[in-house]
Structures are given as C-alpha cells and as structure tokens.
Amino acid sequence: MRNAFADELLKIALEDPKVVMLSGDIGNRLFDEFKAKAPDRFFNCGVAEANLIGVAAGLAMDGFRPVAYTIVPFITARCLEQIRVDLCYHNLPVTVVGVGGGLSYASLGGTHHACEDLAMLRCLPEMNVYAPADAMEVRGCLRSALSHDAPAYVRIGKKREPVFHESIPACKPGGSVQLKEGADAVLLACGNILPVVMDAADALAKRGVHAAVHSAYGVKPLDTALLQTVFAKTSVVATIEEHTLVGGFGSAVAEWLVDRTAEGFAPAARLLRLGTGDRYLHEAGSQAYARTQYGLTPTAIADRVTEALRLAEKPATDPVVA
C-alpha cells in the first residue's frame, strides 16, 4: 500500500504543480523518484511531526496542496493539537497520510501500534477520514482527498497486502465498495483487515452462511445510504477493524444506528462490533500474531458472526449485540 501511495502521489504531483510532499524522515528511498522529478516540492521535516503539520498548514495557506506522511502514531497522536488547531480549525486542504495503520508494525511493539487514530481524527470538525483496504483503494482515496478543499486523513497499511480491485475505484468521502454478495449477514471491513474478513466470509460459507462483504473505506463521513440498506434487510451487520472499539469505525456506525432509531428507523439487523478491544498488547510479534491475540482471525470472526445470527433468531427488543 505504501508503494502505491508513493507512485500515485507522484502521478498526481506531475499533474498538479501545487501538490507538495512532506515527510517525517521516513521512506526516503521510497520517494527517490518524486525527489528526482519534483525536487523543489519534497520536504523532509525530520522527526518533528508537530512542526511538520505547521509547515503543511503554512503551505496550504499559500495555495499549495500539502501531503504530510509518516508512521500513524507519529502523524496523529504526537501532533494532534496541530492537526486540530492548524488544519481543522482553519479548514485547510492538507492531506495527512499515516502508514502502518492498525497492527501493521506489530513487531516493533506498542509504540508503533496504531489502534486509536480513527477515533482521534474522526472527532475533529472538517476532517474527512479514509481507511483504504488495498493498493487500488489507496490510489482512489488519495485522489479523492486531494480533490476536496478540506483536511483529510488517509490511513494506509504497510506492504504486501492482497489487491482485491482490478482497477482504481471511484472513491469519495463516505464511500464503500462491495466485494462479495450474501443475504445472511453483512461484514463491513474497515481498512487493511479486509483480507481477514474475506477469509471469514469463506469460513461462514462453509457453514452455510452467505455473508456480503463491503470495504468501508469511508470512516467520516459514513456511507449512510449503505447502512440504511443493510440494516433494513439482513439479520446481522458486523463491523471489523484493526482499531479499538472505543471511538472507531464500529462506534461511528453505532452512533448512526442510535440516531436513526431515535428518528423512527426500525432496524432489522443487530450490530456486532469487532476490533482490538480496550487494551494494549504488551508483546511484540507479527501482525498475524497480534490479530490472533485480539480475536481478529477468520475463524474467530466467523464464530462471532455465527453466534450473533443464533441470537438474532430469538425475539429481542435491542438491535445491538455487545
């Protein structure tokens, strides 16, 4: 995904001389071609992420379209005040790109885990939040972010993620893409957990459960048209993300569901939220290992969905499964 980001950013920069790249002193070789073809539009701001966001804000005020890039915890948590005040308060068109979303850097330990960023960024006014699932969605989300005059956050994975799209989807704020059909349940995959979710859908199919799968790359705003449809016609809607359940994509969907219910909407589906939970992982290991610790494996997801479907068969007044 990061290679796709670098390649697509260069293409966009060659089309638009206002696009500039700011790096937090990582991926320097990744951007060799960018520096060679647009040397005056690449800025290595060093390990000073708060200053990086300030520089991006100044460039945006001068008419440029800055893209600020480094590892997720350092481009979000470390400089949240600058994103809030310098970018969002002034509604500046700066695209913040975080690499290593979720547990992509699990082997480097807790400092590099990125399971709170969606919560932090989606609560900021004016901010659009994207969580693409593969390299093609990275390209589409980056183009979408740079085409809107507003702050944006694009959360990408790392490398070697499977590609599910044959071409670049037409991404937009609050968008999603359906990748698998099914009438028994709906799985909404947020970000680079999508390959696991697709495998979970295959595991459910072997149990006779046919689940639809959507890549829900639009975290803020949400694809409310999709939510309205799936909650009206199926038994279980599951949100799956490499992110804490506190304030993440599943929380956003739950908020939407509560608000719509208060407005008179009567959902047919229960909501099941799957994520990293409200705890830190105090161990270093591979991304696959970390996912296992949080119950984010195909079998574990299939088990939770199967149980939710069983409960959905019983009469209930509460549409939400904890």
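**Helix packing and local backbone features**

Author: In this predicted model, the buried residues of helix α8 pack against strands β7 (177-180), β8 (185-190), β9 (211-215) and β11 (236-241), and against helices α11 (287-293) and α12.

Reader: Which residues of α8 are buried?

Author: Leu 194, Pro 195, Val 196, Val 197, Met 198, Ala 200, Ala 201 and Leu 204 of α8 are buried. The term requires a relative accessible area under 20%.

Reader: At what angle do α8 and α12 pack, and how far apart are their axes?

Author: Helix α8, residues 194-206, and helix α12, residues 298-312, pack at about 55°, and their axes are 8 Å apart.

Reader: Why is α8 called oblique to α12?

Author: Angles under 35 degrees count as roughly parallel, over 145 as roughly antiparallel and 65 to 115 as roughly perpendicular, the rest being oblique. The angle of about 55° belongs to none of the three named ranges, and α8 is therefore oblique to α12. The crossing of α8 past α12 is right-handed.

Reader: Which residues make the contact of α8 with α12, and what is its make-up by class?

Author: From α8 come Val 196, Asp 199, Ala 200, Ala 203 and Leu 204, which meet Pro 298, Ile 301, Ala 302, Val 305 and Thr 306 of α12. By class, the contact has eight nonpolar residues, one polar and one charged. Val 196, Ala 200 and Leu 204 of this contact also appear among the buried residues of α8.

Reader: What makes such a spacing of contact residues understandable in a helix?

Author: An α-helix has 3.6 residues a turn, so residues three or four places apart point the same way.

Reader: How do you know that the length of α8 agrees with a rise of 1.5 Å a residue?

Author: The expected span is 1.5 Å times one less than the number of residues. For the 13 residues of α8 this gives 18 Å, and the end C-alpha atoms are 19 Å apart, so the two values agree. Just after α8, Gly 208 takes a positive phi of about 85°.

Reader: What makes α9 roughly perpendicular to α10?

Author: Helix α9 (residues 224-233) and helix α10 (residues 249-262) pack at an angle of about 70°, with a distance of 11 Å between their axes. The range for roughly perpendicular is 65 to 115 degrees, and therefore α9 is roughly perpendicular to α10. The contact is made by Thr 224, Leu 227, Gln 228 and Phe 231 of α9 with Val 253, Trp 256, Leu 257 and Arg 260 of α10. Its residues divide into five nonpolar, two polar and one charged. In handedness, α9 passes α10 in a right-handed crossing.

Reader: How do you know that the span of α10 is as expected?

Author: At 1.5 Å a residue, the 14 residues of α10 should span 20 Å; the end C-alpha atoms of α10 are 20 Å apart, so the values agree. Buried residues of α10 include Phe 249, Val 253, Trp 256 and Leu 257. After α10 comes Gly 264, with a positive phi near 110°.

Reader: Why does Asp 25 count as partly exposed?

Author: Partly exposed lies between the buried limit of 20% and the exposed limit of 50%. The relative accessibility of Asp 25 is 36%, and Asp 25 therefore counts as partly exposed. Asp 25 lies in the loop between β1 (19-23) and α2 (32-37), and has a positive phi of about 65° although it is not a glycine.

Reader: Why is Glu 126 placed in the partly exposed class?

Author: Glu 126 has a relative accessibility of 43%, so it counts as partly exposed. Glu 126 is in the loop between α6 (117-122) and β5 (128-130), and its phi is positive, near 80°, in a residue other than glycine.

Reader: How do you know whether Thr 95 is buried or exposed?

Author: Thr 95 has a relative accessible area of 0%, and buried means under 20%; Thr 95 is therefore buried. Thr 95 is found in strand β4 (residues 95-99). Among the residues it touches are Pro 66, Val 67, Leu 142, Leu 146 and Val 154.

Methods:
Residues numbered from 1 in each chain as written. Predicted model: local features only at pLDDT ≥ 70, side-chain atom pairs only at ≥ 80, totals over all residues. Heavy atoms only, no water. Axes fitted to C-alpha atoms, helices over the stretch in contact; angles between N-to-C directions. Helix = DSSP H or I, 4+ residues; strand = E, 2+ residues; numbered from the N terminus. Left-handed = near helix turned anticlockwise from the far one by under 90°. Contact = heavy atoms within 4.5 Å. Nonpolar A, V, L, I, M, F, W, Y, C, P; charged D, E, K, R; others polar. Buried < 20%, exposed > 50% of the residue type's maximum accessible area, 1.4 Å probe, protein only.
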